[in-house]
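Thanks for making the time this morning. I would like to walk you through one structure, starting with how a chain is divided up and then turning to its contacts.

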Amino acid sequence: MTVNRRTLLAGVTALGGTSLLPGIAHAKGSVVATTYPGTWEDAYRTVIAPMLKKKDDIDLELAPLFAMDQIGKAKAARGAPPFDVFVLDPGPRIVGIEAGLFDKFDGKKLSNFSKLPAGFTDEYGVQVSAQVVGIAYNPKKVPAPKGWGDLLKDPWVSRLGITGFQTTFGTSALIELSKLFGGSLTNVDPALVELKKVLPKIAAVGLPAAMPGLFQQGQCDVMYTNTQTVATLKGKGIDVEFVKPESGAVAFYTTMHIAKGTGELANSYKYLDVVVSKDAQGALTKPPYNFIPVNKDVELPPELPMKSLDEMTKYVQLDWSKINPLRASWIEKFNKEMAK
Amino acid sequence: MSVASDLIDRPREEGRLRLAEWQLALPLSLAFAALFLAPLLLLGATSFFNDEKITQPGFASWTKFFGDPFNYKVILDTLLLGLKTVCATVVIGYPVALVYIDLPARLQKVLIFIIVMPMLLSVVVRTFAWIVVLGREGVVNQLLLWLGVISEPLRLLQTELGLVISLTQIEMPLMLLPLISVMSRLDPNLRDASAALGASRWRTLFTVIVPLSMPGLVAGCLLVFASSTTAFISQTVIGGVRLIYLPLVIWQQSLVVYNWPLAAVASLSLVVSVLSVIAALSYLGRRSSRHLHG
């Protein structure tokens, strides 16, 4: 067969035509939601997207971005949000509220509203998962540390991997460490002073996103992190255990918010309704995703350090409205103290 | 009939053709103006605000950034990292280019494929591969431990040495491709002539081949320098955050603390400092080529 201009054009037109077909089939529209890269992305692509498609015939488009990056992109877009729904940790959530990035949220629009504990929705968004920050260690390499203070002692310190104040878990852990040495929620200097004393011994100082990889490669065997990262590493067959520090683990909730100016308001509510539904939360709780569920009908998995969500109120909760204004200067201090 | 002979046959149309050429370059120029120049101006404008909300114009971000001696060290370290990577790629890449010009055509194709192959992989993948190679339990340490050269694993990750090693591999194609394209155009008779006139191999290399390959070498150095000083992923993943370079500062200021004016100052510092070294390098390149031809 010879390919001339006519057959080539016909072929290209046919190819182009097929790409329009899914558009016709998906008449109910779509929603663009952010998700954290890694476990969140996998879980939402595998579990939530098919559920939303089946239940409401809505296509879920996921944009994998860390919380801070989402705020940055939304601010840069100035009123034309690049996505319909945010997923955020407490610190960035407050930045988003202050910048007026969220649509006013009405929890009662969710059919699963009654399945959420009281106070899990507010005028800004809905809590979709809980996270617990503590210490992860490799039981084959080092004994179990008892508290934050152990991180600075042998044998842990020479196997320790740390990150700065870029993430919620990093900031939480450094604040807790600071409290042991006379610091407070708003004073992290003692932690930096103590870390600097042992700095030459510390195995790795990395970006948050690089830490699981460094742990996996044996570059460090102890790090502060959240329960979900530990569960995910475990799922990959890596020797890792979670320790709830003596002074208490830090707990916080991950929230979702509808972007102000979204063109997909109704679909965004439908998406959030699926996210907090019993089926979705139940599936996300199982390995390899290991989320901490917020739906009252879903039982907490046995390996978690708490038996119920109520127990989490006894965990350390940090006031991010006080932390946020200080974070920029903390990041600068961390750079200077840790720089070679 | 070729375009060149067209020009000779119809000299009167030369002016019209030149206009057409200028018009042909217009779309790209407009795209550059819209996508590069305009954001750069915006970046410049953003840097002249004092506050994170970008409401009060002023010089505070500039004075804050340049009032802190720590930032001078960051700029210097960034430029030094680029220079070290350039040196390493030249030392390793130049002999490879020399080997290339002496190879038969078929083997040249194989070598080009080997050089280009890493570029087919994303930088992220190449960077993470280096974690596996340089890590505490990585290939290098395992080998040295097995050979009994060391008793404790060496610290290679999160050191400048490890970073320069990995950047050298990651940036190598950028050095080799321009170098090879220039060197393969060298007239082989020149080397024979040099030898016939009694020059040793080394003398031929330094007085004939190196000066003639200078345009390729300079182009390679420019590309490697610009690429390694701005290699955020490799710098942060291999180097960790104890080695602080300008891209990390820009990322922190723009996407972690949202201080865009300060991020703009850091970005402009990176652009200006990298461009000055590039200007110096290309000046040296031009001077050596003038020296050669005139």
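Before I give a distance between domains, I should say that the domain bounds used here come from an automatic or database domain assignment. Please also keep in mind throughout that this is a predicted model.

With that in place, chain A is divided into domain 1, which covers 26-130 + 252-310, and domain 2, which covers 132-251 + 318-338. The C-alpha centres of domain 1 of chain A and domain 2 of chain A lie 27 Å apart. Where these two domains touch, domain 1 of chain A contributes 16 residues and domain 2 of chain A contributes 18 residues. On the domain 1 side of that contact, the largest share, four residues, comes from helix H4 of chain A, residues 90-98. By class, that side of domain 1 of chain A has twelve nonpolar, three polar and one charged residues.

Stepping back to the whole of chain A, we find eleven helices and nine strands. The radius of gyration of chain A is 22 Å, close to the 20 Å that the globule rule gives for 340 residues, and therefore chain A is as compact as a globular protein of that length. Along the principal axes, the C-alpha atoms of chain A fill a box of roughly 75 × 55 × 40 Å. Of the 340 residues in chain A, 46% are buried. Among the contacts in chain A with a separation of 6 or more, 74% are between residues 24 or more positions apart.

Which elements of chain A give two or more residues to the side that touches chain B? They are helix H3 (67-77), strand S6 (204-205) and helix H11 (320-338) of chain A, and H11(A) provides the largest share, six residues. In total, 23 residues of chain A are in contact with 24 residues of chain B, and by class the chain A side has nine nonpolar, nine polar and five charged residues.

Finally, a detail within chain B, where helix H9 (residues 160-183) and helix H12 (residues 232-239) pack at an angle of about 145°, with their axes 9 Å apart. The contact is made by B:Gly162, B:Leu163, B:Ser166, B:Leu167 and B:Ile170 of H9(B), together with B:Ser234, B:Gln235, B:Ile238 and B:Gly239 of H12(B). By class, this contact of H9(B) with H12(B) has four nonpolar, five polar and no charged residues, and H9(B) passes H12(B) in a right-handed crossing.

Terms used
Residues numbered from 1 in each chain as written. Chains lettered and ligands numbered in written order. Predicted model: local features only at pLDDT ≥ 70, side-chain atom pairs only at ≥ 80, totals over all residues. Contact = placed C-beta atoms within 7 Å. Nonpolar A, V, L, I, M, F, W, Y, C, P; charged D, E, K, R; others polar. Rg over C-alpha atoms; globule rule 2.2 N^0.38 Å. Buried ≥ 20, exposed ≤ 12 C-beta atoms within 10 Å, placed from the backbone. Axes fitted to C-alpha atoms, helices over the stretch in contact; angles between N-to-C directions. Left-handed = near helix turned anticlockwise from the far one by under 90°.
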